Amino acid sequence: MAVKFSQKSHPTNGGKKRNANTRNRGLSVISSKFDIDGDGNLDKFEKLARSLDVKNQGNITPEVVVDLLREQDALRKRQWLLLFGNIIQWLPIIAGAAFTFLKFSERQYEQNVSGRIMTSMDYIREGAMTPEEIQSLWELSDGKAYPLTDKQRQDYLRDGFVVLPNFLTGEESGALDKVVTYNLNEMAFPDLLTKCSRKFHGEYYHSTVTHKFWQQPRISDVLSTMALEGDVPYMVTSEILEMPSGAPCIPQWHWDFLTFPQNFNASFTTGTQIWWSSEEVDSNVGGGLAFLPGSHKWANEVDEGASLHPCFAMNLFEPLSPECSQLLDREMVIPNLTPKDIVVFSRFTLHRSVARNPAVPFKSATGRRGYTLRVGSARSVFKQDTMQCFPSHPSSNFQGQLKKGQRYDSVIDEDSGLPTPDAIYRPMNVQDSEEQVVQGGGGRSMSNTAFLRYSAQGIIRQKIKWKLAKYVEDAINTVTKSQLVDISCKAVPTPDA
């Protein structure tokens, strides 16, 4: 029995019936039977039904209907198979992303809340280092001072950075790489914000070995004499970034004053930093850092010869102008460094990562490890929030932190001349014992509430007040071809104390 279509009347959109003979004058008698809505034309579904009338009788045979149902069933099965195949195809990516996010959250929590501290016995017990290697890091060059020259000091003051060759021996650099690698494996998280493969922020807070490594005269005397106008250097934070051979970690030009919890409108001699590379890097093989000489005097007008540079303000979040990009690329310097060398540079000096030459990949399969210590002077003034659109430094929220407006050296007890046990930023001219580091570890962590508040603050500042608002602002202003809306958070420092 065939499926028949009425020739006399058809329902319309209004539910009424109209005579097909008066409505379908443009259609043949047979085709008009498929004009279900009676509008005198066949839509695509009506045409499809008409095409199934292979006998041209105004009806569809049961065989055609059965074949059509079979095709639909087969199509549904193919769709399910396709969906299942897509799930299988994307499952590793989804699982990898989920694992990365979970690992990121776990390690962030571990670094900022748990207060875990790895002692020398942990490295020895795990076979990561020998007691002799650890001792060599605690007494560099057997306690000998580094032969700093007046030229090196003048170069630093003029350019904002300087390379100190052979600061470590080959054995010391090898031992440092071992402890850095161990710390990465134990507590680093996947870096979701840059192209670095792994990151460990606030590293020395969690290791007695590197904590004591930085607190020795060979390091503190050089920083005090060369970069801080004789002030005692204070450890602010340290970080390890692992850069793969395939891409530079942070290819954008930037200043690290963003991560210095201290007053912005201050001399460049109030903050400096040390950078060490686990691999040889230079302008030919790449993989290191590029610096812009003289840019340490671009941020403010505090120091002699300093002035606010037009390339400074637009750099923080906005893309560089073509003029600034050309200037930086033309004037940049890429130092030659071996694992025995260090480079010291101001917190205000512009720098960026340099891509590795693909023909000369890093020796390590996981990439180059870059180790940075950020240092403030005794006269540095603590400031919790550095930038309006940038989340405050994690250590700013630690339980034992300074109050806004306090100097770094306010942690020194007037009677003993020593830092208080729970002080977070430690002077580098006094070497703490492992027991002191462990006992004071509670102050170098956040409460659960503070961690949640800090995480939410970062999302609100960077993702909502800056990026989302910026997208809306740009979209409206582009359509209106005017500066009609100005709602995004501005890339400017917060007021100093």
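Student: Are Cys311 and Cys324 buried or exposed in this structure, which is a predicted model?

Tutor: The two residues are partners in a disulfide, with 1.9 Å between their sulfur atoms. The term to apply here is a cut-off, because a residue counts as buried when its relative accessible area is under 20%. By that criterion, both Cys311 and Cys324 are buried.

Student: Which handedness does the disulfide of Cys311 and Cys324 have, and which helix holds Cys324?

Tutor: The torsion about the S-S bond of Cys311 and Cys324 is about -95°, so this disulfide is left-handed. Cys311 belongs to helix H11 (residues 310-313), and the pair therefore ties together parts of the chain that are 13 residues apart in sequence, with Cys324 lying in helix H12 (residues 322-331).

Student: How many residues apart in sequence are the parts tied together by Cys196 and Cys249?

Tutor: The structure holds two disulfides, and one of them joins Cys196 to Cys249 with an S to S distance of 2.1 Å. Cys196 sits in the loop between strand E6 (189-190) and strand E7 (198-201), whereas Cys249 sits in the loop between strand E8 (233-243) and strand E9 (271-277), so the parts that this pair ties together are apart in sequence by 53 residues.

Student: What is the relative accessible area of Cys249?

Tutor: Its disulfide partner, Cys196, counts as buried at 4% relative accessibility. Cys249 is buried as well, because its relative accessible area is 2%.

Student: Which helix gives the largest share of the largest nonpolar core?

Tutor: The largest nonpolar core has 79 residues, and those with the most contacts inside it are Tyr123, Leu164, Phe167, Leu176, Trp214 and Ile219. The largest share of this core amounts to seven residues, and these come from helix H8 (residues 170-187).

Student: With which residues is Leu176 in contact, leaving aside its neighbours within four places in sequence?

Tutor: Leu176 is listed among the residues with the most contacts inside the largest nonpolar core. Once its neighbours within four places in sequence are set aside, the residues in contact with Leu176 are Leu137, Leu168, Phe213, Trp276 and Tyr371.

Student: How many residues of helix H10 are buried, and which are they?

Tutor: Helix H10 covers residues 217-226 and is mostly covered, since seven of its ten residues are buried. The list includes charged and polar names as well as nonpolar ones, and reads Arg218, Ile219, Ser220, Val222, Leu223, Ser224 and Met226.

Student: In which helix does Asp177 lie, the residue paired with Arg369?

Tutor: A search of the whole structure finds 20 salt bridges, and in one of these Arg369 pairs with Asp177, the closest N and O atoms being 2.8 Å apart. The two residues are 192 residues apart and link distant parts of the chain, with Arg369 in strand E13 (residues 368-377) and Asp177 in helix H8. Both Arg369 and Asp177 are buried, and the helix that holds Asp177 is H8.

Student: What is the relative accessible area of Arg461?

Tutor: The side chain of Arg461 meets that of Asp385 in a salt bridge of 3.2 Å, N to O. Asp385 lies in the loop between E13 and strand E14 (426-427) while Arg461 lies in helix H14, so the pair ties together parts that are 76 residues apart in sequence. Arg461 is buried, because its relative accessible area is 13%.

Student: At what relative accessibility does Arg426 count as buried?

Tutor: Arg426 forms a salt bridge with Asp432, in which the closest N and O atoms are 3.0 Å apart. Asp432 counts as buried at 4% relative accessibility, and Arg426 counts as buried at 3%.

Student: How much accessible area do the residues of the nonpolar surface patch have together?

Tutor: One of the patch residues, Ile464, lies in helix H14 (residues 448-480) and is partly exposed, with a relative accessible area of 42%. The patch is formed by Ile459, Ile460, Ile464, Leu468, Tyr471, Val472, Ile476, Leu484 and Ile487, and their accessible area together is about 850 Å².

Student: What percentage of the residues in the chain is buried?

Tutor: The secondary structure of the chain comes to 14 helices and 14 strands, and its accessible surface comes to about 24,600 Å². Of the 497 residues in the chain, the buried ones make up 48%.

How values were computed. Residues numbered from 1 in each chain as written. Predicted model: local features only at pLDDT ≥ 70, side-chain atom pairs only at ≥ 80, totals over all residues. Heavy atoms only, no water. Disulfide = S-S within 2.5 Å. Helix = DSSP H or I, 4+ residues; strand = E, 2+ residues; numbered from the N terminus. Buried < 20%, exposed > 50% of the residue type's maximum accessible area, 1.4 Å probe, protein only. Patch = residues over 30% accessible without salt bridge, like charges linked within 9 Å, V, L, I, M, F, W, Y side chains within 5 Å. Areas by Shrake-Rupley, 256 points an atom, 1.4 Å probe, with all protein chains shown as cover. Salt bridge = Lys/Arg side-chain N within 4 Å of Asp/Glu carboxyl O. Core = buried A, V, L, I, M, F, W, Y, C linked by side-chain atoms within 4.5 Å. Contact = heavy atoms within 4.5 Å.
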